[in-house]
Amino acid sequence: MVEHYLTYTYGISQLLIFFVYAPHLLTVIRSERADAISVPAQLSFFTIGAISALYMIVVNKDPLATTVICGHIIIGNLSTALIAFYKQRKANLVMDTQFFICSSTDARNNGLLPRCDTRIELRSGYAYNCPTCSAPLIAEAAREKTERAKR
Ligand SMILES: [Zn+2]
């Protein structure tokens, strides 16, 4: 009799946990880069959980516990890992860099620098200032375009 109630308590309480996965997965899905998720750790949890599931079905012949473990590792770990992997890979592809050059053309730093020729590789899509003379940096490709237009 006690075993009967414990089985139901186990099954129902485990079922309730799956509702917790919804906000967790939504947070991962809505985050831009999912960089708080460790993909190798999630895949390790999945692998260890899969071994537990095998043990539960082969040694203990317990389909309920096996189903619960499979649910946890597939919904909790594997899907989190796959979504995070996709997002992190996409973020790395988007994060491209380009060369920026100093926009100044005259002498800088009270004449101590006859001409600033700072050229630096930085992440694209942001506005920077020259680390040497503080004039705005411009994308090297943009400078080449305007010089070509002048000719
Ligand atoms: Zn400069």
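Two residues are taken to be in contact here if their C-beta atoms, placed from the backbone, lie within 7 Å. With that meaning, and leaving aside its neighbours within four places in sequence, M56 is in contact with D62, A65, T66 and I69.

The structure is a predicted model, in which local features need pLDDT of at least 70 and side-chain atom pairs count only at pLDDT 80 or more, whereas totals for chains, interfaces and linings use all residues. Residues are numbered from 1 along each chain as its sequence is written.

**Confidence and overall layout**

The predictor's confidence in each residue is expressed as pLDDT, on a scale from 0 to 100. The mean pLDDT of the protein is 89, and 91% of its residues reach 70 or more. Confidence is lowest in helix α4 (residues 140–150), where the mean is 67, and highest in helix α2 (residues 39–58), where it is 96.

Helices (H or I, at least four residues) and strands (E, at least two) are DSSP runs, numbered from the N terminus. By this reckoning the protein has 4 helices and 3 strands, and from the N terminus on the elements run α-α-α-β-β-β-α. The radius of gyration, taken over C-alpha atoms, is 28 Å, well over the 15 Å that the globule rule (2.2 Å times the number of residues to the power 0.38) gives for 151 residues, so the protein is more spread out than a compact globule. Along the principal axes, the C-alpha trace spans about 90 × 30 × 25 Å.

The domain assignment, whose bounds come from an automatic or database source, gives domain 1 (2–93) and domain 2 (97–150). The C-alpha centres of domain 1 and domain 2 lie 50 Å apart. Of the contacts in the protein with a separation of 6 or more, 64% are between residues 24 or more positions apart.

**Burial at four residues**

A residue is called buried if 20 or more other C-beta atoms lie within 10 Å of its own, exposed if 12 or fewer, and partly exposed in between, with C-beta atoms placed from the backbone. Buried residues make up 11% of the 151 residues in the protein. The table gives the neighbour counts for four residues that are discussed in this report.

| Residue | C-beta neighbours within 10 Å | Class |
|---|---|---|
| A34 | 21 | buried |
| M56 | 19 | partly exposed |
| N110 | 6 | exposed |
| N129 | 13 | partly exposed |

**Residues in domain 1**

M56, whose contacts opened this report, has its place in helix α2. The C-alpha atoms of M56 and T66, which are 10 residues apart along the chain, are separated by 5.7 Å. A34 lies in the loop between α1 (2–30) and α2, and the phi of A34 is near 50°, a positive value in a residue other than glycine. Most residues other than glycine have a negative phi.

**The sheet and its loops**

Two strands are said to pair if DSSP finds at least two bridges between them. In this sense 3 strands form an open sheet in the order β2-β1-β3, with antiparallel pairing. The edge strands are β2 and β3, each of which pairs on one side only. The twist averages 45° from one strand to the next, where axes are lines fitted to C-alpha atoms and angles run from 0 to 180 degrees between N-to-C directions.

Strand β1 (residues 97–102) and β2 pair in the antiparallel sense over 5 bridges, while 3 bridges join β1 to β3, which also run antiparallel. The bridge partner of F100 is I120 in β2, and in β3 the bridge partner of F100 is A139. F99, for its part, stands opposite E121 in β2. Strand β2 is hardly covered, since the count of buried residues among its 5 residues is 0.

The loop between β1 and β2 holds N110, and the phi of N110 is near 55°, again a positive value in a residue other than glycine. N129 has its place in the loop between β2 (119–123) and β3 (137–139). Not counting residues up to four places away in sequence, N129 touches S134, A135, P136 and L137. The C-alpha atoms of N129 and C102, although 27 residues apart along the chain, are separated by 7.8 Å.
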